[in-house]
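Please read the following briefing alongside the sequence and the coordinates. It moves from the overall make-up to charged pairs, helix packing and a single side chain.

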Amino acid sequence: PARSEGWRHGGSPERRRPRSPPRRPLRSPSPPPRPSKAAVMMHGRRRSRSPPLAASRGDRPEQTPEFVERFIAQNSLEPVAANALRDASPELQRKVIADGAVTGRNPTAVMMSRLKRRR
């Protein structure tokens, strides 16, 4: 069989792959999705579910060892978090306790996060 002059590599025009469409320019990344209304409402509810132990007038809570122990007992903290709170400075204890009751599935992790964030 005679080879046609116009085609390289021995392929016939019927067997060639169709050309791919031209590439589109890259778009800028889209902004992150907005949280749903339900998620926004639940976030607010979690924060407002329990009032802080400090008085609402902005008074500082009394900073006695008994007060810290009562906070630990009320929030069912495990010994790791309880000891971390006891070892913290009185100022740090005051800030963490002023955040209010420890809520969530893992109170120990929440307390450790508060201590780390406030340091």
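Read from the N terminus, the elements of the protein follow the order α-α-α-α-α, which amounts to five helices and zero strands. The model is a predicted one, and every value below is computed from it. The points that follow concentrate on the C-terminal helices H4, residues 90-98, and H5, residues 107-118.

**Overall make-up**

- Of the 119 residues in the protein, 20% are buried.
- The accessible surface of the protein comes to about 10500 Å², and carbon and sulfur atoms contribute 53% of that area.
- Among contacts in the protein with a separation of 6 or more, 55% are between residues that lie 24 or more positions apart.

**Salt bridge within H4**

- The whole structure contains four salt bridges, and one of these joins the side chains of Arg 94 and Glu 91, with an N to O distance of 2.6 Å.
- Both Arg 94 and Glu 91 belong to helix H4, where they sit three residues apart, or about one turn of the helix.
- The two partners fall into separate accessibility classes: Arg 94 has a relative accessible area of 16% and is therefore buried, as the value is under 20%, while Glu 91, at 34%, counts as partly exposed.

**Salt-bridge network around Asp 99**

- Asp 99 forms a salt bridge with Arg 117 at 3.4 Å, N to O, and this pair links distant parts of the chain, given that Asp 99 lies in the loop between H4 and H5 while Arg 117 lies in helix H5, 18 residues apart.
- Asp 99 also forms a salt bridge with Arg 118, for which the closest N and O atoms are 2.7 Å apart; here too the pair links distant parts of the chain, with Arg 118 in helix H5 and a spacing of 19 residues.
- Through these shared partners, Asp 99, Arg 117 and Arg 118 are joined into one network of salt bridges.
- Asp 99 is partly exposed, with a relative accessible area of 24%, and Arg 118 is likewise partly exposed at 33%.
- Arg 117 has a relative accessible area of 52%, and because exposed means over 50%, Arg 117 is classed as exposed.

**Packing of H4 against H5**

- The axes of H4 and H5 are 10 Å apart, and the two helices pack at an angle of about 125°.
- That angle makes H4 oblique to H5, and the crossing in which H4 passes H5 is right-handed.
- On the H4 side, Leu 92, Lys 95 and Val 96 take part in the contact, and they meet Met 111, Arg 114, Leu 115 and Arg 118 on the H5 side.
- Arg 118 thus appears in two settings, as a residue of H5 that is met from H4 and as a salt-bridge partner of Asp 99.

**Surroundings of Gln 93**

- Is Gln 93 buried or exposed? Gln 93, whose place is in helix H4, has a relative accessible area of 9%, so it counts as buried.
- Leaving aside residues up to four places away in sequence, Gln 93 touches Gln 63, Val 68, Leu 85, Arg 86 and Ala 88.

Key
Residues numbered from 1 in each chain as written. Predicted model: local features only at pLDDT ≥ 70, side-chain atom pairs only at ≥ 80, totals over all residues. Heavy atoms only, no water. Helix = DSSP H or I, 4+ residues; strand = E, 2+ residues; numbered from the N terminus. Buried < 20%, exposed > 50% of the residue type's maximum accessible area, 1.4 Å probe, protein only. Contact = heavy atoms within 4.5 Å. Areas by Shrake-Rupley, 256 points an atom, 1.4 Å probe, with all protein chains shown as cover. Axes fitted to C-alpha atoms, helices over the stretch in contact; angles between N-to-C directions. Parallel < 35°, antiparallel > 145°, perpendicular 65-115°, else oblique. Left-handed = near helix turned anticlockwise from the far one by under 90°.
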